[in-house]
Structures are given as structure tokens and as C-alpha cells.
Amino acid sequence: MTTRLRVAPLRILDVILRVARALLLLATILFVALTVVGLFVTTSVSLEGSTDEPELTYTDNAGNAITIDGATQTISSNDRTSADEIPRFGATEVTIDLERRTPRTAAMAFAGAWFVLAWVAVTNVQGITRTTLIGDAFSHENARRLGRIGGATLIYAVLGTAMPRVMDALLDDATLPVDGFHTRSQISDPWAWVVVGLLLLTIGRAFERGVELEALDAATI
């Protein structure tokens, strides 16, 4: 019973990874198809971000949050019920279509990189899960798999941080439908991903060293 309880979570994880791999394959095929079509036909490539255009938010007497264009409208003091409901300006979330070839190509390149990193993560986690299920968890290959996952995590942190800066540098505000567009970051806390990546690399190296010592002990007996 104890063995079954230990193996069951791994089997569930293996099933989840099989489904994730199938979905990732479908998404990759669709992405490649759209990329190939984009070489011959102009396709829509969208980019999410925010704009510096003013947006004004306040709460009326009925408790409804109302957003208006702060550049063209004003709010009467009678519409406010407390000091906490003073109007405030903030960035507006928008999605734009990329028309110029250079930013379109850059956006597709970043998207392709996300797919590559996803394949690295899913494939190596699946490999670790399957070898563990057959009782071969402590192996050089699994140590290398941990290292690959750690490396992919670090690359994800770097690309996630670089993407908004690269895209903003390539975009020309004069050709955009909004003013002061800023690309949304695809990663909320890059340093957390850096820590996770370094930790996985360290565990992988320690794992490989442990396998080497185990092989050495077996050879000396």
C-alpha cells in the first residue's frame, strides 16, 4: 500500500505531462503554420501593453466605479462621497496590432523562444518522471535533465526581462494608434525565476556528483 501511495502521484504527474505535451504540440504546429503563412500573407500580430494616455477613475454616489477620459471631461465635487474617492490618473491597458515588419518579426521570435523553453521543460520533467517510475531516478541523465530545466528557467528570466525593452525600442510611437505605449512584461518577478534556475542547476550538479560517488562505491565493493 505504501508503494502504491508513493507511485500514484508520479503516475498522475506523468498523465498530466502527456496531456501537456499533446497540447503543446498542437500549439506549436499552429504557431509554425501561422509563422509560415506570415511569410507570404500579412497576418495580425498583437502586442499587449499600456499607454500613457490619461485615464480618470472615480466612484459615484451609487458606489459605481466610472472611468472617463480625463483629458476631455471633469468631475463635479458633488459626485464624490469621501476623500478616498478622489479621481486618479493611471495607465490604460491596451492591445495593439503590429504593422511594421521589424517589430512583428521580433514578437514572433520571442514567441518562438517561449515554445522552445516550454518544450525543454516539459520533455525533461517527463523524462525524470518516467525514469523515476521504473526505479532509475538516480542517474546521470536525470542530473543533466535538471540542469537543462535550470538553464531554461534562467533563459526565461532573461528573455522575459528583455522582451519589453526590446519591443519598446523597436516600436515607433508615431505609427501607433496610442501615445506612450509600453510593452507588458511576460514575467512578474524575474529574480524569483533566477533563484529557481540557479537552485535547479545546483541540485543537478549535486545530483550528478552523488551518482558518481554511488558508482564509485559500487565499484570498490
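Helices and strands here are DSSP runs, numbered from the N terminus, with at least four residues for a helix and at least two for a strand. Keep that in mind as you explore this predicted model.

**Stop 1: a nonpolar patch**

Start by selecting Val41, which sits in the loop between helix 1 (2–40) and strand 1. Is Val41 buried, exposed or partly exposed? Its relative accessibility is 47%, so Val41 counts as partly exposed. Now add Val32, Val36, Val37 and Phe40 to your selection: together with Val41 they make up a nonpolar patch on the surface. The accessible area of these residues together is about 470 Å². Try showing them as a surface to see the patch.

**Stop 2: a link between distant parts of the chain**

Next, turn to charged side chains. Side chains of opposite charge can pair when their charged atoms come close. How many salt bridges does a search of the whole structure find? The search finds five.

For one of them, select Arg184 and Glu48, whose side chains meet in a salt bridge with an N to O distance of 2.8 Å. This pair links distant parts of the chain, 136 residues apart. Look for Glu48 in strand 1 (residues 46–51), and for Arg184 in the loop between strand 6 (182–183) and helix 4 (190–220). Arg184 is partly exposed, at 36% relative accessible area. Glu48 is also partly exposed, and its value is 39%.

**Stop 3: Glu141 and two arginines**

Now move to helix 3 (residues 140–170) and select Glu141 and Arg144. They lie three residues apart, about one turn of the helix. A salt bridge joins Arg144 to Glu141, and their closest N and O atoms are 3.3 Å apart. Which category of exposure fits Arg144? With a relative accessible area of 39%, Arg144 is partly exposed. Glu141 is partly exposed too, at 26%.

Keep Glu141 selected and add Arg148. Arg148 forms a salt bridge with Glu141 as well, and here the closest N and O atoms are 3.1 Å apart. Arg148 has a relative accessible area of 37%, so it is partly exposed.

**Stop 4: a network of three**

Finish by selecting Asp14, Arg18 and Arg130. What joins these residues into one network? Salt bridges that share partners bring Asp14, Arg18 and Arg130 together in that network. Show their side chains as sticks to take a look.

How values were computed: Residues are numbered from 1 along each chain as its sequence is written. This is a predicted model: local features need pLDDT of at least 70, side-chain atom pairs count only at pLDDT 80 or more; totals for chains, interfaces and linings use all residues. Side-chain values use heavy atoms; hydrogens and water are left out. A salt bridge is a side-chain nitrogen of Lys or Arg within 4 Å of a carboxyl oxygen of Asp or Glu. Buried means under 20% relative accessible area, exposed over 50%, partly exposed in between (1.4 Å probe, protein chains only). Patches are made of residues with over 30% relative accessible area and no salt bridge: like charges are joined within 9 Å, nonpolar side chains (Val, Leu, Ile, Met, Phe, Trp, Tyr) within 5 Å. Accessible areas come from the Shrake-Rupley method with a 1.4 Å probe; for residues, only the protein chains shown count as cover.
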